[in-house]
Amino acid sequence: MVLAAILLLAGLPQSDPYASVRADALRHAYGTYDQAPERVQKIGNDPESKRVDVEKLISQLEDLHVNTYEWLIWHESTDWDDLHRFLPLAQKAGINVWVMVTPPSENPPIITAHGYSEPFRQDYVKWGEEIAKLSLKYPNLKAWASDDFVIKNNRRKYTVDYIKEVMAKSRAINPKLAFVPIFYTMFDERGEWLKQFAGVVDGLQFSHRLLNPRNLNEMDPATPHDVDKKFLEDNVAEIHRDFGANFPVVALEYSSIYRVGKPPSNEKTTFLLKLGYEEAGSVLCYLHPSDTAPNRQAIKDYFTSLKNSGQ
């Protein structure tokens, strides 16, 4: 473990004997992200504390036949505590867990809706250490991530040297824990900036938004299939050119409600999940569908088909 950390700090991550283990942890994943069901539960002196209904979430995930769930720590100050409640249930159900913590661009004063990822806020060295410790107790905790990795506001924090420090401290505790941040496109200055992390991060989550072909800054759940397919294929190909042919990519597909107020059709949902899994190798549904989501059955049917095929 110490050797791997020293090699990483020395700029030699390719010599890390656990790199292939971390990469394998990111392959063939399919599941959902965030939007866990909540319940109001009295905690101490706070009668209105919102806690994740972990039992209901497990039931939903089992019904969807996923093998992975990405847990976001942001909504409530108790999300970290609830993760500890969720992990043993997920482990028993055979579900792998990834943890997402928010970057500076999603924290005050830029965004005030949810505050910070608590309790470690923007101390990502501490996050890496504590998540690694937790993953030793629960081996189904396979990876962790940061959103908006390539946003300008975050680049001042996420320097290569800082992320190397984060990785070294985390991997000194558990060298099998993967780090798989989110990016949006390889074809602008953000993609150029991201390339310097080749050999540092273990994989990338491609946030595959449903782009309006008439205005690429807008979302459109009815984007033509060929536009979505080319956009994903081109980005995955660029990542593999710059990071290596076997570098893990996870398609984070916008197959639930996002900005436009409605999810894609059932047919579009199936297309997106299938496209993401076949082109990237892993796919997560953004966001986790509620029991009443209009395209929930389409999500369930596709994940069930993967499970039944032995994926």
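This briefing describes one helix, one buried arginine, a small set of cavities and some backbone details. The structure is a predicted model, in which local features need pLDDT of at least 70 and side-chain atom pairs count only at pLDDT 80 or more, while totals for chains, interfaces and linings use all residues. Residues are numbered from 1 along each chain as its sequence is written, and side-chain values use heavy atoms, with hydrogens and water left out. Helices (H or I, at least four residues) and strands (E, at least two) are DSSP runs, numbered from the N terminus.

**Helix α5**
- The 14 residues of helix α5 (residues 124–137) should span 20 Å at 1.5 Å a residue, and the end C-alpha atoms are indeed 20 Å apart; the expected span is 1.5 Å times one less than the number of residues.
- Because 10 of its 14 residues are buried, α5 is largely enclosed by the rest of the structure; buried means under 20% relative accessible area, exposed over 50%, and partly exposed in between, with a 1.4 Å probe and protein chains only.
- Among the buried residues of α5 are Y124, W127, E129, E130 and L134.
- The buried residues of α5 pack against β4 (68–73), α4 (79–93), β5 (96–101), β6 (141–146) and α7 (160–173), where contact means heavy atoms within 4.5 Å.

**The buried residue R22**
- R22 lies in helix α2 (residues 19–26), and at 2% relative accessibility R22 counts as buried.
- The side chain of R22 reaches the backbone oxygen of P175 at 2.8 Å.
- Leaving aside residues up to four places away in sequence, R22 touches D16, R171, P175, K176, L177, A178 and D202.

**Cavities**
- On a 1 Å grid over the protein atoms alone, a cavity is a set of points where a 1.4 Å probe fits but cannot get out, and lining residues have an atom within 4 Å of a point.
- The count comes to two cavities of 30 Å³ or more, and the second largest has a volume of about 30 Å³, a volume being the space filled by probe spheres set on the points.
- Y124, W144, S146, Y158, I163, V166 and F179 line the second largest cavity, and β6 and α7 each supply at least two residues of this lining.

**Backbone details**
- Cis peptide bonds join P108 and P109, with omega about 5°, and E118 and P119, with omega about 15°.
- P109 is placed in the loop between β5 and α5, and P119 lies in the loop between β5 and α5.
- D34, a residue other than glycine, has a positive phi near 60°, and D34 is buried, with a relative accessible area of 9%.

Note on methods
A polar contact is a pair of N or O atoms within 3.5 Å; within protein, one must be able to donate a hydrogen and the other to accept it, and residues adjacent in sequence count only if both atoms are side-chain atoms. On a 1 Å grid over the protein atoms alone, a cavity is a set of points where a 1.4 Å probe fits but cannot get out, and a pocket is an open set with protein on both sides within 12 Å along at least five of seven lines; lining residues have an atom within 4 Å of a point.
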